[in-house]
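Please look at the sequence and the 3D structure below, and then read the short report that follows.

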Amino acid sequence: MADDTRQSTQSITLDAPNAPVTGPPKTPANVMPGGTAHTAGGESANVDVTYWSALKTVRPSDYLTFHKRPCVRDGQMTGIGTGFAFGGVAAILRKPVWTCCSWAVWSYVSTSIIAYQWCQHQRAKEKAGMRQAMEIMDKKRKDIEAKKEARRKAYEEAQARAEEQRKEEERKRTWSYWVDKNVKFW
């Protein structure tokens, strides 16, 4: 069997080309100057992201206009109705008040999430259908324009042929045509 000709596991640094390195590199290989391995040369990502720092990025207007986002209102209304129904059924079954409230809240939350996701799914399907319809309409429009162009060219060619035929008929009516056709000189 042939000997292994690969280099040893020690890598070579740029500072000292022949000096062996005794451990793994201290930084990832794809780090750009001033960046990290995840930012491709952007700002350093050494910032600690916490729940509170993320919460500070949400503006009060986001809470005030939450209901105006697509599908939120539908999901909330469905959840409210389901929560009321489940809480009412639990009360009819003479469950304790805490249990009735738990049923109402959890049915509200789960139904709201499911209704919101369903609405988003339906919107995505509708957008895909509209995109497909637009593509079909563009294709049909191009086909119609191509047919119009073909008809226009055919009409122009027919006009050109008719003009040639008319000129040929006029030429046949002249004396020179009759002489050329009937009188021959050897």
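A patch is made of residues with over 30% relative accessible area and no salt bridge, where like charges are joined within 9 Å and nonpolar side chains (Val, Leu, Ile, Met, Phe, Trp, Tyr) within 5 Å. A salt bridge here is a side-chain nitrogen of Lys or Arg within 4 Å of a carboxyl oxygen of Asp or Glu, and accessible areas come from the Shrake-Rupley method with a 1.4 Å probe, with only the protein chains shown counting as cover for residues.

This is a predicted model, in which local features need pLDDT of at least 70 and side-chain atom pairs count only at pLDDT 80 or more, while totals for chains, interfaces and linings use all residues. Residues are numbered from 1 along each chain as its sequence is written, and side-chain values use heavy atoms, leaving out hydrogens and water.

On the surface, Trp-175, Trp-178, Val-179, Val-183 and Phe-185 form a nonpolar patch, and together they have about 630 Å² of accessible area.

Two residues that lie in helices (DSSP runs of H or I, at least four residues, numbered from the N terminus) are set side by side below, where buried means under 20% relative accessible area, exposed over 50%, and partly exposed in between.

| Residue | Helix | Relative accessible area |
|---|---|---|
| Trp-178 | α5 (residues 175–182) | 46%, partly exposed |
| Ser-112 | α4 (residues 97–172) | 9%, buried |

The side chain of Ser-112 also reaches the backbone oxygen of Tyr-108 at 2.7 Å. Not counting residues up to four places away in sequence, Ser-112 touches Gly-75, Gln-76 and Gly-79, contact meaning heavy atoms within 4.5 Å.

Definitions and conventions: Buried < 20%, exposed > 50% of the residue type's maximum accessible area, 1.4 Å probe, protein only. Polar contact = N/O pair within 3.5 Å; in protein donor to acceptor, adjacent residues only side chain to side chain.
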